[in-house]
Amino acid sequence: MKMLSQNKMARRRFIGVAAGAVASGIAIAAKGETKMKEITLEALPYAEDALAPTISARTVSFHYGKHHAGYVKTLNGLIAGTQYEGRTLEEIIRTAAARGDAAIFNNAAQTWNHTFYWNSLAPAGKGGAPSAALLAAIESEFGSFDACKDALADAAIKRFGSGWGWLVAEGGKVSVESTPNADTPITRPGVKPLLVVDVWEHAYYLDWQNVRADYVKAVVGGHLNWNAASRRFA
Ligand code: MN
């Protein structure tokens with residue numbers, strides 16, 4: 001949050017008290033000092049029905065509006081008044097991982113992973129293609145673009161239980177992996193996530209029921225945002 005002048009602070013305090021509204025990201029501390037930068041729920045990069053029928057508007061509505069929003073809300077409740085308050089989401093994730101603050105880590109990492117997921121997807125036909133540099137790295141590692149997609153799908157499908165399938169880059173090399181639950185590659189220095197597929201059941205159960213493999217193949221085959229992956233790889 002940018003620093004506010006004394007006048008503005010006083011005005012915010014008045015407005016906040018008058019309206020009873022602290023949702024603007026500025027809470028009123030007991031001693032009248034400013035405070036609190038909340039973690040926000042980032043907007044979806046497309047309409048809720050943009051990924052249908054692979055991922056229906058109903059799924060996106062629950063997944064974004066309930067699950068993702070819920071992680072953000074819980075996280076803000078957990079960090080209020082702690083050393084985590086006012087820090088970036090990435091700092092919160094890395095610090096909570098290092099300190100073993102499991103509840104904060106889980107909700108922060110799930111917040112980050114979901115924002116990354118929405119921005120890893122694109123409406124059918126809108127995801128573009130890997131840049132020349134990314135394609136070269138993919139072909140060097142997997143032999144072909146199709147083999148890379150197969151490997152990513154395989155990693156996502158085979159994750160036991162809840163988790164995530166990732167395409168990541170490290171030192172210019174690309175690889176696939178999966179993580180359980182809220183775990184995220186950004187806790188590892190030098191690892192740059194390029195794309196992710198959510199394989200928690202809430203991501204696909206309304207549309208595909210128990211058939212995770214079909215959901216993953218439809219997403220990897222037609223809804224990955226390779227333009228975004230290329231920017232992240234550069
Ligand atoms: Mn999810």
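A donor, for the metal site treated here, is an N, O or S atom within 2.8 Å of the metal, and because water is not among the atoms, a site may look incomplete. The model in which the exercises are set is a predicted one.

**Exercise 1.** Identify which residues coordinate the manganese ion, and describe how the donors are spaced along the chain.

*Solution.* Begin with the donor atoms: His63, His114 and His202 each coordinate the manganese ion through NE2, while Asp198 does so through OD, at 2.0 to 2.1 Å. Next, place these donors along the chain, where they follow the spacing H-x50-H-x83-D-x3-H. Finally, consider accessibility: with buried taken as under 20% relative accessible area, both Asp198 and His202 are buried.

**Exercise 2.** Characterise the lining of the largest pocket, and state which helix supplies the largest share of the lining.

*Solution.* Start from the space itself, which amounts to about 230 Å³ in the largest pocket. The lining consists of 14 residues, and those nearest the centre of the pocket are Glu42, Leu89, Glu90, Trp112 and Thr115. Sorted by character, the lining residues comprise 4 nonpolar, 5 polar and 5 charged. Helix 3 (89–99) and helix 4 (102–118) each contribute at least two residues, and helix 4 gives the largest share, with 4 residues.

**Exercise 3.** Compare the span of helix 4 with the expected one, and determine how many of its residues are buried.

*Solution.* From first C-alpha to last, the 17 residues of helix 4 reach 24 Å, which is close to the 24 Å expected at 1.5 Å a residue. As for burial, helix 4 is mostly covered, with 14 of its 17 residues buried.

Notes. Residues numbered from 1 in each chain as written. Predicted model: local features only at pLDDT ≥ 70, side-chain atom pairs only at ≥ 80, totals over all residues. Heavy atoms only, no water. 1 Å grid on protein atoms, 1.4 Å probe; cavity = no way out; pocket = protein on both sides within 12 Å on 5 of 7 lines; lining within 4 Å. Points joined across faces, edges and corners; volume = space filled by probe spheres on them. Nonpolar A, V, L, I, M, F, W, Y, C, P; charged D, E, K, R; others polar. Expected span 1.5 Å × (residues − 1). Buried < 20%, exposed > 50% of the residue type's maximum accessible area, 1.4 Å probe, protein only. Donors = N, O, S within 2.8 Å, 3.2 Å for Na, K, Ca; no water.
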